[in-house]
Amino acid sequence: MISRRDFLQVSMAASAMVGASGFGNWARLAAQQALTQDQLLEFDTFGNVSLIHVTDIHAQLKPIYFREPEINIGVGDNKGEVPHVTGADFRKMYGIEDGSPSHYALTYNDFSSLAKEYGRVGGLDRVATVINSIRAARPDALLLDGGDTWHGSYTCYQTAGQDMVNVMNALKPDAMTFHWEFTLGQDRVREIVEGLPFAALGQNIFDAEWDEPAEDFKPYEFFERGGVKIAVIGQAFPYMPIANPGWMFPDYSFGIRDEHMQQMVDEVREQGAELVVCLSHNGFDVDKKMAGVVTGIDVILSGHTHDALPEPALVGDTIIIASGSNGKFVSRVDLDVRDGRMMGFRHKLIPIFSDVIEPDAEVAALIDEQRAPYQAELDEVIGQTDSLLYRRGNFNGSWDDLICDALLSERDAEIAMSPGVRWGPSLIPGDDITRDDIWNVTSMTYGKAYRSEMTGEFIKVILEDVADNIFNPDPYYQQGGDMVRIGGMGYSIDISKPQGERISDMTLLSTGEPIDPARNYVVAGWASVNEGTEGPQIWDVVESHIRKLGTVSLEPNTSVKVSGT
Amino acid sequence: MQFTRRETMALGAAAAAVTVLPMPAMASAVDDMINEFTGGADVAEGGVDLDAPEIAENGNTVPIEVGADGAEAIMVLAAGNPTPGVATFTFGALAGVHRAKTRIRLAGTQDVIAVAKMADGSFARVSKTVKVTIGGCGG
């Protein structure tokens with residue numbers, strides 16, 4: 001079996017160069033560490049099969065900053081378990097040195113100064129270089145895309161996903177599963193899927209009318225690699241019509257459908273599969289639970305919750321790989337499959353340091369070609385930021401604080417709501433804010449900023465409902481997002497309570513008065529799942545707000561009091 | 001196989017009119033219906049398949065499937081609905097499979113219960129929580 005040492009090649013190689021542990025000196029330590037492409041790609045090829053996993057790219061073609069969460073609370077059996085471990089605890093758990101590249105890549109502390117030292121991450125041209133390097137060592141490696149690929153940028157919106165399709169096709173994936181893709185609308189999804197030169201998978205994508213597997217998506221695909229018969233079973237995001245607007249894809253039904261997953265595993269085993277891989281968009285905790293319920297899956301490549309883990313999680317005989325988001329990481333998993341079963345594995349979560357990994361020239365040109373028609377719009381500077389702008393965190397993020405401020409002032413509202421999505425790159429203090437940046441955190445096909453009246457009671461119902469989608473102790477009842485972000489109102493939350501009892505002390509911040517259950521409040525928000533929502537597009541609202549501010553400077557948000565952790 | 005469509009439809013109408021009943025009243029209504037079905041006999045936990053989504057995509061039409069090998073009848077209850085009775089499926093001696101599938105309306109998050117009467121006169125039950133949510137914030 002694999003040793004812990006092998007998992008941590010990057011951090012160990014880099015940390016060896018650091019003399020003293022330097023709390024408070026992270027950026028300076030960082031500057032002393034030379035990181036090379038060879039170090040990042042170093043891997044002793046193992047066994048007879050290689051899997052390459054990318055997921056949740058959210059249309060990030062170019063290198064970005066991406067701050068990992070500070071607050072990511074686990075509940076039930078997952079309390080204190082990865083991925084619900086952050087910051088210094090995370091570094092201690094994996095033996096990551098302060099100030100090291102892995103510190104910067106995997107944790108949030110001192111993000112702005114480390115970002116200045118280590119630079120941006122991701123970029124699909126760098127990802128291409130990593131994939132090519134793995135293929136050089138193992139020409140028949142399988143490249144698997146966990147979905148949330150055709151969503152999340154200006155160009156992706158303008159081309160209805162075509163920019164991502166063009167670039168991903170150049171990377172030559174072998175299979176893909178889905179989530180936000182469906183928000184392009186079912187006709188567009190079908191149009192793209194028909195022309196895909198690789199498998200579009202989802203054992204849980206069903207025909208809504210007949211409650212039978214949908215014909216447009218295969219449940220699984222077989223591959224013969226390294227003399228091994230491999231079955232890749234797709235698992236799309238289970239709660240698409242609930243978390244996203246179901247009216248955009250009325251022909252389809254989803255759900256976890258673990259019994260059907262078991263049937264598919266049994267079916268592929270009967271057909272001679274020696275290795276069963278699940279390409280999943282369940283989210284990490286759901287995958288962990290599913291791995292304990294469904295028998296016979298060797299590897300789950302986990303997506304949706306945007307977790308990046310330097311070691312696989314083991315549940316029984318199943319290993320679960322979490323490969324981050326926004327193009328920041330690529331996972332390589334080498335497997336030794338003999339006598340019809342997985343005998344061992346070696347894994348590496350490869351951080352895509354964009355200043356270290358050479359871009360692949362062909363893919364770089366292709367990316368620029370996608371962006372060229374929109375270059376002037378993309379590059380327009382709308383303002384600057386003095387604050388770190390990020391999104392990830394269970395309760396708030398500074399990007400959403402800014403978006404909520406924009407909604408409050410531009411839409412003349414008392415309370416603002418911003419959805420608890422986990423995509424959207426970060427900006428560091430001193431950065432320009434371009435239109436490209438604004439769209440990276442707002443782009444979607446249902447982005448209209450509504451303005452309506454809600455009673456205090458209804459606002460509480462919304463908060464309770466969303467909180468239960470995150471903090472229900474049973475992962476199968478979780479949807480994998482974060483808490484809806486609230487502007488203009490504070491509240492307390494006890495995550496250990498059941499639905500209906502978690503939220504208290506709701507306070508209108510402008511007056512300091514408690515929220516009156518019976519009174520109507522003017523609420524502005526965006527990303528409503530309801531058909532026919534009216535209002536200006538959220539990116540226009542945010543752009544107008546930032547133009548007025550000139551320079552964004554945000555105070556830390558202390559309006560949510562959390563207990564029961 | 002007998003499917004009491006009328007009950008399901010009536011339930012839909014009732015759900016629109018009434019939203020909340022005190023829990024003790026609901027619990028006893030469900031217990032009464034189970035007692036009536038079993039004649040007061042002991043009911044074993046498990047031994048019945050109940051396939052229902054963890055979170056409903058649309059609370060107005062939730063697909064469910066029940067089955068129990070060799071069952072003579074399976075009663076389905078929606079414990080949190082104003083009228084908990086959904087349907088009782090009965091299987092004749094010549095039934096090839098003892099499964100049934102339908103769609104039900106759920107007034108809110110609640111347990112769906114299936115109770116099977118087996119050929120030997122014993123009873124078995126299973127329940128599953130189906131969440132009905134307003135949704136809207138997927139990562």
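Two strands are said to pair here when DSSP finds at least two bridges between them. Helices (H or I, at least four residues) and strands (E, at least two) are DSSP runs, numbered from the N terminus. The structure is a predicted model, in which local features need pLDDT of at least 70 and side-chain atom pairs count only at pLDDT 80 or more, while totals for chains, interfaces and linings use all residues. Residues are numbered from 1 along each chain as its sequence is written, and chains are lettered from A, with ligands numbered from 1, in the order in which they are written.

A convenient place to begin is strand E17 of chain A, residues 415-418. On one side of E17(A) lie A:Ile415 and A:Met417, on the other A:Ala416 and A:Ser418, and all four are buried (20 or more other C-beta atoms within 10 Å of the residue's own, against 12 or fewer for exposed and anything in between for partly exposed, with C-beta atoms placed from the backbone). Both faces of the strand are thus covered. In a regular strand the side chains alternate between the two faces of the sheet.

E17(A) has pairings of both senses. With strand E24 (residues 520-525) of chain A it runs parallel, joined by 3 bridges, and A:Met417 has A:Gly525 as its bridge partner in E24(A). With strand E20 (residues 485-487) of chain A the pairing is antiparallel, again over 3 bridges; here A:Ser418 stands opposite A:Arg485. Strands of a sheet pair through backbone hydrogen bonds, either parallel or antiparallel.

UniProt, in an unreviewed entry, lists residues 398-535 of chain A as "domain: 5'-Nucleotidase C-terminal". UniProt positions are given in the numbering used here, feature names are shortened, and annotations may be inferred rather than shown by experiment. The end C-alpha atoms of residues 398-535 lie 23 Å apart, and the span is 25% helix and 26% strand. An unreviewed UniProt entry also lists "domain: Calcineurin-like phosphoesterase" for residues 51-307 of chain A. For that span, the end C-alpha atoms are 18 Å apart, with 34% helix and 16% strand.

Strand E16 (residues 381-385) of chain A likewise has pairings of both senses. Its antiparallel pairing with strand E18 (residues 432-434) of chain A extends over 3 bridges, with A:Gly383 and A:Ile433 as bridge partners. Its parallel pairing is with strand E25 (residues 551-552) of chain A, through 2 bridges, and A:Thr385 has A:Val552 as its partner there.

Chain A also holds an open sheet of 3 strands in the order E6-E5-E9, with antiparallel pairing. Strand E6 (212-213) and strand E9 (252-253) are its edges, each pairing on one side only. Strand E5 (residues 206-207) is joined to E6(A) by 2 bridges, and the partner of A:Asp207 in E6(A) is A:Glu212.

Among the helices of chain A, H8 (residues 124-137) has 14 residues and reaches 20 Å from its first C-alpha to its last, close to the 20 Å expected at 1.5 Å a residue (1.5 Å times one less than the number of residues). H8(A) is mostly covered, with 10 of its 14 residues buried. Among them are A:Leu124, A:Val127, A:Val130, A:Ile131 and A:Ile134, along with A:Asp125 and A:Arg126.

Turning to chain B, there are 2 helices and 8 strands, and both helices precede the strands along the sequence, in the pattern α-α-β-β-β-β-β-β-β-β. Of the 139 residues in chain B, 39% are buried. Contacts (C-beta atoms, placed from the backbone, within 7 Å) in chain B between residues at least 6 apart in sequence join residues at least 24 apart in 71% of cases.

An open sheet of 3 strands in chain B has the order E2-E3-E6, with antiparallel pairing. Its edge strands are E2 (49-51) and E6 (99-104), each pairing on one side only. Strand E3 (residues 62-67) is joined to E6(B) by 6 bridges, and one bridge links B:Val66 to B:Ala100.

Where the two chains meet, 32 residues of chain A are in contact with 14 residues of chain B. On the side of chain A, helix H12 (240-243) and helix H19 (456-471) are the elements that give two or more residues, and the largest share, 4 residues, comes from H19(A). The residues on this side divide into 14 nonpolar, 13 polar and 5 charged (Ala, Val, Leu, Ile, Met, Phe, Trp, Tyr, Cys and Pro count as nonpolar, Asp, Glu, Lys and Arg as charged, and the others, Gly among them, as polar).
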